[in-house]
Number of protein chains: 2
Amino acid sequence: MLNIEDLKLYLCTDRGLSLGRPLVETVEDAIAGGVTMVQIREKDIPSREFYDLALQALRVTRAHHIPLIINDRLDIALAIGAEGVHLGQSDLPCIEARRVGGEDFIIGVSAHTPAEAVRAERDGADYIGAGAVFPTGSKADVSAIIGLDGLKAAAASVKIPVIGIGGIGPKNAAEVIASGAAGIAVISAILSQPDIREAAMILRRCLG
Amino acid sequence: MLNIEDLKLYLCTDRGLSLGRPLVETVEDAIAGGVTMVQIREKDIPSREFYDLALQALRVTRAHHIPLIINDRLDIALAIGAEGVHLGQSDLPCIEARRVGGEDFIIGVSAHTPAEAVRAERDGADYIGAGAVFPTGSKADVSAIIGLDGLKAAAASVKIPVIGIGGIGPKNAAEVIASGAAGIAVISAILSQPDIREAAMILRRCLG
């Protein structure tokens, strides 16, 4: 079950952007700095490796009462007992994930347009990740930068909370919130900083 | 729920080995020729694409009352309502897949040694895929050819049915069955043949 306050500072992991530091260590530091929710995102690794990694992360998030969300892989989320799954537009349909995951399971969906946000809400999503709000180097496909206007449009189109993702850092976090977002999702603004805990603390302060 | 007779002639798909023919068409032809069970195996495609493909295959297998098994992706199996999942040693732990999938869900596990077969049986597997029995070009990793002796050892180590996989065709299918296998799993012996239906019919005859 999603608590809207948990969306405030949402860390998405990417081992390629963490300056070589172990995933569990970066998650631990980020939570110490004030991260409120963690999503593990892994592509192109064997399922068992993803499972093992997610299970390690879950031990940390559980100890701090932080929800853990698994990107794409609903089966891994259910196998480890994570709080939820985050689905992109190329992942499983939200409506099927809801049926399999059950009522209390947290489901987030990435949306690039209000139409996608509305469909996700109808199909049972708990929150929307809208973006990319700003240009970012973290993801290869940034063909569609939605800007703050696109974020506002997404937030206005649904009743469920919307978080902004893409190119968000201390300089623009406040305006993302001012545009109607319940929180910000970041990767490199925390993971690629020399001091992860400090980077998370600074972002938390920017969010008011 | 697994019917041991369904393991007799088990087709694993591989779009790279089907001479460019569409997956659904090859499955349809293979079933017409006598295939008793179908496993969809896809690597490195987006989840939604795998889901769509599996759903297309399910329409065909359902029409013919043939169980459909999804390789690795328990979430896709559950999302489309497939009969089961097949797990390799690098996939999710069988024990977690059983817990998530429930009692009646079919779970197969690949095993290369009697120890792996015994562990899978203990963790709730319904059947074992033992191999590679013979050298094969279908899979990159054939470091461990277990031979008919390895197959016999695997079959003798567990109570659940064992099927042979790897390099099996009309010339050696009978000896695989004679070595204690409940069936054979094939890819190229059906998929890479010019006439898929005929190839499946010939194999069925070899199985007695």
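**Notebook: helix crossings, an annotated site and two buried residues**

I began with helix 1 and helix 9 of chain A and noted that their crossing is right-handed. The model I am reading is a predicted one. Helix 1 covers residues 23–33 and helix 9 covers residues 196–206; the two pack at an angle of about 35°, with their axes 7 Å apart. I then listed the residues that make this contact. From helix 1 of chain A they are A:Thr26, A:Asp29, A:Ala30, A:Ala32 and A:Gly33. Helix 9 of chain A supplies A:Ile196, A:Arg197, A:Ala200, A:Met201 and A:Arg204.

**Second helix pair, chain B**

Next I looked up helix 5 (residues 114–122) and helix 6 (residues 147–157) of chain B. Their axes come within 8 Å and cross at roughly 30°. Angles under 35 degrees count as roughly parallel, so I entered helix 5 of chain B as roughly parallel to helix 6 of chain B. I recorded the crossing of helix 5 and helix 6 of chain B as right-handed. On the helix 5 side, B:Pro114, B:Ala117, B:Val118 and B:Glu121 make the contact. On the helix 6 side I found B:Ala153, B:Ala154 and B:Ser157.

**Annotated site, chain A**

I checked the UniProt record, an unreviewed entry, and its "binding site" annotation covers A:Asp72 and A:Asp91. The two span 20 residues in sequence, yet no two of their C-alpha atoms are more than 5.8 Å apart, so they gather at one spot.

I placed A:Asp72 in the loop between strand 3 (68–71) and helix 3 (74–80) of chain A. Is A:Asp72 buried or exposed? Its relative accessible area is 8%, and buried means under 20%, so I put A:Asp72 down as buried. Leaving aside neighbours within four places in sequence, I found A:Asp72 in contact with A:Lys43, A:Val85, A:His86, A:Leu87 and A:Asp91. A:Asp72 also touches B:Ser47, B:Arg73 and B:Asp75 of chain B. The A:Asp72 side chain makes a polar contact with the side chain of A:Lys43, at 3.3 Å.

I found A:Asp91 in the loop between strand 4 (84–87) and helix 4 (94–101) of chain A. A:Asp91 is buried as well, with a relative accessible area of 7%. With neighbours within four places left out, the contacts of A:Asp91 are A:Lys43, A:Asn71, A:Asp72, A:His86, B:Ser47 and B:Arg48. I also noted that a polar atom of the A:Asp91 side chain lies 2.6 Å from the backbone nitrogen of A:Gly88.

**Two further residues**

I looked up A:Thr61, which lies in helix 2 (residues 47–63) of chain A. I noted a relative accessible area of 0% for A:Thr61, which is buried. Which residues does A:Thr61 contact, leaving aside neighbours within four places in sequence? My list reads A:Val27, A:Ile31, A:Val38, A:Ile66 and A:Leu68.

In chain B, I turned to B:Ala82, found in the loop between helix 3 (74–80) and strand 4 (84–87). B:Ala82 counts as buried at 8% relative accessibility. I noted that B:Ala82 and B:Leu68 are 14 residues apart along the chain, while their C-alpha atoms are separated by 5.5 Å. B:Leu68 is among the contacts of B:Ala82, with neighbours within four places left out. The others I listed are B:Leu58, B:Ile70, B:Ala77 and B:Phe105.

Key: Residues are numbered from 1 along each chain as its sequence is written. Chains are lettered from A and ligands numbered from 1 in the order in which they are written. This is a predicted model: local features need pLDDT of at least 70, side-chain atom pairs count only at pLDDT 80 or more; totals for chains, interfaces and linings use all residues. Side-chain values use heavy atoms; hydrogens and water are left out. UniProt positions are given in the numbering used here, feature names are shortened, and annotations may be inferred rather than shown by experiment. Helices (H or I, at least four residues) and strands (E, at least two) are DSSP runs, numbered from the N terminus. Buried means under 20% relative accessible area, exposed over 50%, partly exposed in between (1.4 Å probe, protein chains only). Contact means heavy atoms within 4.5 Å. A polar contact is a pair of N or O atoms within 3.5 Å; within protein, one must be able to donate a hydrogen and the other to accept it, and residues adjacent in sequence count only if both atoms are side-chain atoms. Axes are lines fitted to C-alpha atoms, for helices over the stretch in contact, and angles run from 0 to 180 degrees between N-to-C directions. Angles under 35 degrees count as roughly parallel, over 145 as roughly antiparallel, 65 to 115 as roughly perpendicular and the rest as oblique. A crossing is left-handed if the near helix is turned anticlockwise from the far one by less than a right angle, and right-handed if clockwise.
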